[in-house]
Amino acid sequence: MSEPDIILTPSAAKRVAWIAQRQSRPAVLRLAVDGGGCAGFTYKFDLAEAEDDDTVAETDGVKLVVDPVSLDLVRGSAVDFVEDLGGAFVRMVNPNPGSGCGCGSSFSV
(Lines give C-alpha, C1' and ligand atoms only; values in the text may rest on other atoms or scores of the structure.)
Protein backbone atom coordinates (compact mmCIF):
# COMPACT_ATOMS: atom_id res chain seq x y z
CA MET A 1 0.00 0.00 0.00
CA SER A 2 1.36 3.43 -0.92
CA GLU A 3 1.85 6.29 1.50
CA PRO A 4 -0.95 8.87 1.58
CA ASP A 5 -0.31 12.16 -0.20
CA ILE A 6 -0.99 14.13 2.99
CA ILE A 7 -2.25 13.39 6.51
CA LEU A 8 -4.43 15.29 8.95
CA THR A 9 -3.65 14.03 12.46
CA PRO A 10 -6.48 13.32 14.91
CA SER A 11 -5.42 16.25 17.13
CA ALA A 12 -5.51 18.62 14.13
CA ALA A 13 -8.89 17.23 13.04
CA LYS A 14 -10.30 17.81 16.51
CA ARG A 15 -9.06 21.43 16.52
CA VAL A 16 -10.40 22.14 13.01
CA ALA A 17 -13.79 20.70 13.99
CA TRP A 18 -13.86 22.94 17.08
CA ILE A 19 -12.97 26.07 15.05
CA ALA A 20 -15.45 25.23 12.28
CA GLN A 21 -18.24 24.71 14.82
CA ARG A 22 -17.52 28.06 16.49
CA GLN A 23 -17.61 29.79 13.10
CA SER A 24 -20.66 27.81 11.84
CA ARG A 25 -18.65 26.60 8.84
CA PRO A 26 -17.95 23.17 7.35
CA ALA A 27 -15.02 21.28 8.90
CA VAL A 28 -12.84 21.55 5.78
CA LEU A 29 -9.30 22.87 6.21
CA ARG A 30 -7.55 24.18 3.10
CA LEU A 31 -3.75 24.04 3.03
CA ALA A 32 -2.00 26.14 0.40
CA VAL A 33 1.61 27.07 -0.17
CA ASP A 34 2.33 30.71 -1.05
CA GLY A 35 5.53 32.44 -2.01
CA GLY A 36 7.03 34.47 0.82
CA GLY A 37 8.05 33.97 4.39
CA CYS A 38 11.62 34.09 5.60
CA ALA A 39 12.62 30.91 3.72
CA GLY A 40 10.84 31.33 0.36
CA PHE A 41 7.48 29.55 0.80
CA THR A 42 4.89 29.80 3.54
CA TYR A 43 1.99 27.60 4.61
CA LYS A 44 -1.50 29.11 4.50
CA PHE A 45 -4.49 27.58 6.29
CA ASP A 46 -8.16 28.52 5.93
CA LEU A 47 -11.60 26.97 6.30
CA ALA A 48 -12.86 26.51 2.72
CA GLU A 49 -14.75 24.12 0.48
CA ALA A 50 -12.96 21.55 -1.67
CA GLU A 51 -12.40 22.26 -5.37
CA ASP A 52 -12.70 19.60 -8.08
CA ASP A 53 -8.94 19.10 -8.54
CA ASP A 54 -8.02 19.10 -4.82
CA THR A 55 -6.52 16.16 -3.01
CA VAL A 56 -8.65 15.36 0.03
CA ALA A 57 -7.56 13.64 3.24
CA GLU A 58 -10.16 12.90 5.90
CA THR A 59 -9.73 12.17 9.60
CA ASP A 60 -12.63 11.76 12.04
CA GLY A 61 -15.04 13.45 9.61
CA VAL A 62 -12.80 16.50 9.07
CA LYS A 63 -11.36 17.11 5.60
CA LEU A 64 -7.99 18.52 4.64
CA VAL A 65 -7.89 19.80 1.05
CA VAL A 66 -4.79 20.74 -0.95
CA ASP A 67 -4.57 22.13 -4.49
CA PRO A 68 -2.31 20.30 -7.00
CA VAL A 69 0.46 22.93 -7.08
CA SER A 70 0.72 23.08 -3.28
CA LEU A 71 0.55 19.29 -3.03
CA ASP A 72 3.77 19.00 -5.04
CA LEU A 73 5.53 20.92 -2.23
CA VAL A 74 3.91 19.16 0.75
CA ARG A 75 3.43 15.58 -0.50
CA GLY A 76 4.07 13.11 2.31
CA SER A 77 3.49 15.73 5.02
CA ALA A 78 1.29 15.68 8.08
CA VAL A 79 -0.74 18.58 9.44
CA ASP A 80 -0.70 18.39 13.23
CA PHE A 81 -2.00 20.49 16.12
CA VAL A 82 0.24 20.90 19.14
CA GLU A 83 -0.66 22.33 22.52
CA ASP A 84 2.19 22.69 25.03
CA LEU A 85 3.80 25.21 27.36
CA GLY A 86 4.96 27.21 24.31
CA GLY A 87 1.37 27.69 23.13
CA ALA A 88 -1.09 26.10 20.73
CA PHE A 89 -0.33 25.95 17.02
CA VAL A 90 -0.73 24.03 13.78
CA ARG A 91 2.52 22.32 12.85
CA MET A 92 3.54 21.00 9.45
CA VAL A 93 5.68 17.89 9.44
CA ASN A 94 7.05 18.19 5.90
CA PRO A 95 9.79 15.77 4.76
CA ASN A 96 10.38 17.71 1.51
CA PRO A 97 11.95 21.10 2.28
CA GLY A 98 15.62 21.76 1.65
CA SER A 99 15.61 24.12 4.61
CA GLY A 100 13.22 25.78 7.00
CA CYS A 101 13.14 28.67 9.38
CA GLY A 102 13.04 29.05 13.14
CA CYS A 103 9.34 29.90 13.22
CA GLY A 104 8.38 26.66 11.41
CA SER A 105 5.89 28.42 9.14
CA SER A 106 8.07 28.80 6.05
CA PHE A 107 10.44 26.62 4.07
CA SER A 108 12.51 26.39 0.89
CA VAL A 109 12.96 23.60 -1.64
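The side chains of Arg 91 and Asp 80 pair up in a salt bridge, with N to O at 3.1 Å (a salt bridge here is a side-chain nitrogen of Lys or Arg within 4 Å of a carboxyl oxygen of Asp or Glu). This pair links distant parts of the chain, with Arg 91 in strand 7 (residues 87–93) and Asp 80 in strand 6, 11 residues apart. Helices (H or I, at least four residues) and strands (E, at least two) are DSSP runs, numbered from the N terminus.

A quick word on the ground rules: this is a predicted model, where local features need pLDDT of at least 70 and side-chain atom pairs count only at pLDDT 80 or more, while totals for chains, interfaces and linings use all residues. Residues are numbered from 1 along each chain as its sequence is written, and side-chain values use heavy atoms, leaving out hydrogens and water.

**Salt bridges**

The count comes to 4 salt bridges. Arg 75 has Asp 5 as one partner, with the closest N and O atoms 2.9 Å apart. Arg 75 sits in the loop between helix 2 (68–74) and strand 6 (77–84), and Asp 5 in the segment before strand 1 (6–8), so the bridge ties together parts that are 70 residues apart in sequence. Arg 75 also forms a salt bridge with Asp 72, at 3.3 Å between the closest N and O atoms. Asp 5, Asp 72 and Arg 75 are thus linked in a network of salt bridges.

How do these residues sit relative to the surface? Buried means under 20% relative accessible area, exposed over 50%, and partly exposed in between (1.4 Å probe, protein chains only).

| Residue | Relative accessible area | Class |
|---|---|---|
| Arg 75 | 37% | partly exposed |
| Asp 5 | 30% | partly exposed |
| Asp 72 | 55% | exposed |
| Arg 91 | 38% | partly exposed |
| Asp 80 | 12% | buried |

**Helix 1**Helix 1 (residues 10–22) has 13 residues, which at 1.5 Å a residue should span 18 Å, and its end C-alpha atoms are indeed 18 Å apart. The expected span is 1.5 Å times one less than the number of residues. Its buried residues are Ala 12, Ala 13, Val 16 and Ala 20. These cover an arc of only 100° around the axis, which puts them on the same side of helix 1; the arc is that of the directions from the helix axis to the C-beta atoms. Over on the other side of helix 1, Pro 10, Lys 14, Gln 21 and Arg 22 are exposed.

The buried residues of helix 1 pack against several strands, including strand 1, strand 2 (28–36) and strand 3 (40–47), where contact means heavy atoms within 4.5 Å. Just after helix 1, Ser 24 takes a positive phi of about 55°.
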